[in-house]
Amino acid sequence: MALLAYLKSLFILQLLMGFVFVVSGLIINFIQLCTCILWPINKQLYRRINCRLSYSLWSQLVMLLEWWSGTDCTLYTDQATVDKFGKEHVIVILNHNFEIDFLCGWTMCERFGILGSSKVLAKHELLKVPLIGWTWYFLEIVFCKRKWEEDRKTVFKGLSRLKDYPECMWFLLYCEGTRFTETKHQISMQVAESKGLPKLKYHLLPRTKGFTTTLQCLKGTVKAVYDVTLNFKDNQTPTLLGIVNGKQYKADMSVRRFPVEDIPDDERECANWLHKLYQEKDALQETYNKEGKFPGPTVIPHRRPWTLLNFLFWATLLLSPLINFACGVAVSGSPLLIIGFIIFLIIASVAIRRLIGVTEVKKTGSSYGNPEAKKQN
């Protein structure tokens, strides 16, 4: 076990995995670009192909969590709810406290066969991020600038276009709008007090516009709302860099299903329903902090081999020529070639580190309650 942990910590292995992810992602993005000719001919075929292509990329990240890190994910929910997973269009509401909360969500999507068709209401800046933003663009992800006057038309159009999506999708929403920090929480609770809303201990005040709009646009398509509250055992604070280093975490996810017909149609009442939901999420968090677990029965979905097999396919395809080239450079004795290859490795490591940095709490999040940041924007 100590040897395995040592091997996982080796930078060269991490760099090779990063190389596989980046190069395979660029290949996938190129294929996605080529599939655009299908859109005017057969839109649904275009969508099905892009679901598989995006799965091939995202499953490599899920592989890191499941097989490289060995992180466990336990669901706290009833079997009747689990039986509906992957069989209906739903909106998923997830708390936004951890760097890898999206990865835990993707893991559940993968285990129930809907990773490729999972959606999110994403901030517009991510559209410019190579691989991630580009893949999401081809997957019809809805991007927003968090300024309703500018987003209204774009969001309504993007959501309405998903009404006839052929694959079952989970549409992920972070209703808090940004990751939880103590500073943001203090500001958020000041807003709650000014609006006469109950204060929350463990969450930010939910921003209701995104939820009510998504529900309104996808009414008749989505069958339910899944409320998911994520925590980690022993007060762990997981990071993507920790996952890359092979560190194991234990994730607990409370999942509650609410049929769409039980949620009010009126926008104001729907917003009140969401506020009440977050009060319940706060109570769930309080229970978890005291007891170290959520209430209710547990289900541990088995990990599937496809994420590992997919990574091994790309690794076999891409690492063989790279290793042969590296060996050729080494035996050539050419200083120019050797220096060039070293520069390539440095650039690759910086690029991969920047991709990891996209998830880091200190480098992400909105200018929530920060007047100076808003002025700069």
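Let's start with a charge above a ring: the charged end of Lys 281 sits over the ring of Tyr 278, 5.6 Å from the ring's centre. Lys 8 does the like with Trp 68, its charged end lying over that ring at 5.9 Å from the centre. Keep in mind that this is a predicted model, so treat the values here as computed from that prediction.

**Rings meeting rings**

Aromatic residues also pair with each other, and a search of the whole structure turns up 16 such pairs. A pair of aromatic rings is described by the distance of the centres and the angle of the planes. Here are two of them, with those values side by side.

| Aromatic pair | Centre to centre | Angle between planes | Arrangement |
|---|---|---|---|
| Tyr 76 and Phe 294 | 5.6 Å | 75° | edge-to-face |
| Phe 102 and Trp 106 | 5.2 Å | 90° | edge-to-face |

Where do Tyr 76 and Phe 294 sit along the chain? Tyr 76 belongs to strand E1 (residues 72-76), while Phe 294 is in the loop between helix H11 (267-291) and strand E8 (298-299). The two are 218 residues apart, so this pair links distant parts of the chain. Is Tyr 76 buried or exposed? Tyr 76 has a relative accessible area of 8%, so it counts as buried, the limit being under 20%. Phe 294 is buried as well, with a relative accessible area of 2%.

The other pair in the table is a local affair. Phe 102 and Trp 106 both lie in helix H5 (residues 101-111), and because they are 4 residues apart there, about one helical turn separates them. Both Phe 102 and Trp 106 are buried. They also belong to a bigger group: ring pairs link Trp 58, Phe 102, Trp 106 and Trp 136 into a cluster.

**Two helices crossing**

Helix H5 has a packing partner too. Helix H3 (residues 43-68) packs against H5 at an angle of about 110°, and the axes are 9 Å apart. Because 65 to 115 degrees counts as roughly perpendicular, that is how H3 runs relative to H5. Which residues meet where these helices pack? On the H3 side they are Tyr 55, Trp 58, Leu 61, Val 62, Leu 65 and Glu 66. On the H5 side they are Leu 103, Cys 104, Trp 106, Thr 107, Glu 110 and Arg 111. Trp 58 and Trp 106, members of the ring cluster, are thus found among the residues that meet here.

**A stretch with a label**

An unreviewed UniProt entry annotates residues 90-212 as "domain: Phospholipid/glycerol acyltransferase". Over that stretch the chain is 41% helix and 14% strand, and the C-alpha atoms at the two ends are 14 Å apart.

**Out in the loop, and at a helix end**

Now for a pair of residues in the loop between strand E6 (224-232) and helix H10 (240-244): Asp 234 is found there, and so is Asn 235. Asp 234 has a phi near 60°, a positive value in a residue other than glycine. Phi of Asn 235 is positive too, near 55°. Are they buried or exposed? Asp 234 counts as exposed because its relative accessibility is 71%, and Asn 235 is exposed with a relative accessible area of 71%.

Finally, look at Ser 332, in helix H12 (residues 306-332). Ser 332 is partly exposed, with a relative accessible area of 38%. How far apart are the C-alpha atoms of Ser 332 and His 185? They are separated by 59 Å, with the two positions 147 residues apart along the chain.

Methods: Residues are numbered from 1 along each chain as its sequence is written. This is a predicted model: local features need pLDDT of at least 70, side-chain atom pairs count only at pLDDT 80 or more; totals for chains, interfaces and linings use all residues. Side-chain values use heavy atoms; hydrogens and water are left out. Buried means under 20% relative accessible area, exposed over 50%, partly exposed in between (1.4 Å probe, protein chains only). UniProt positions are given in the numbering used here, feature names are shortened, and annotations may be inferred rather than shown by experiment. Rings of Phe, Tyr and Trp (its six-membered ring) pair if their centres lie within 6.5 Å; planes under 30 degrees apart count as stacked, over 60 as edge-to-face and the rest as tilted. A charge sits over a ring if NZ of Lys or CZ of Arg is within 6 Å of the ring centre and within 35 degrees of the ring normal. Axes are lines fitted to C-alpha atoms, for helices over the stretch in contact, and angles run from 0 to 180 degrees between N-to-C directions. Angles under 35 degrees count as roughly parallel, over 145 as roughly antiparallel, 65 to 115 as roughly perpendicular and the rest as oblique. Contact means heavy atoms within 4.5 Å.
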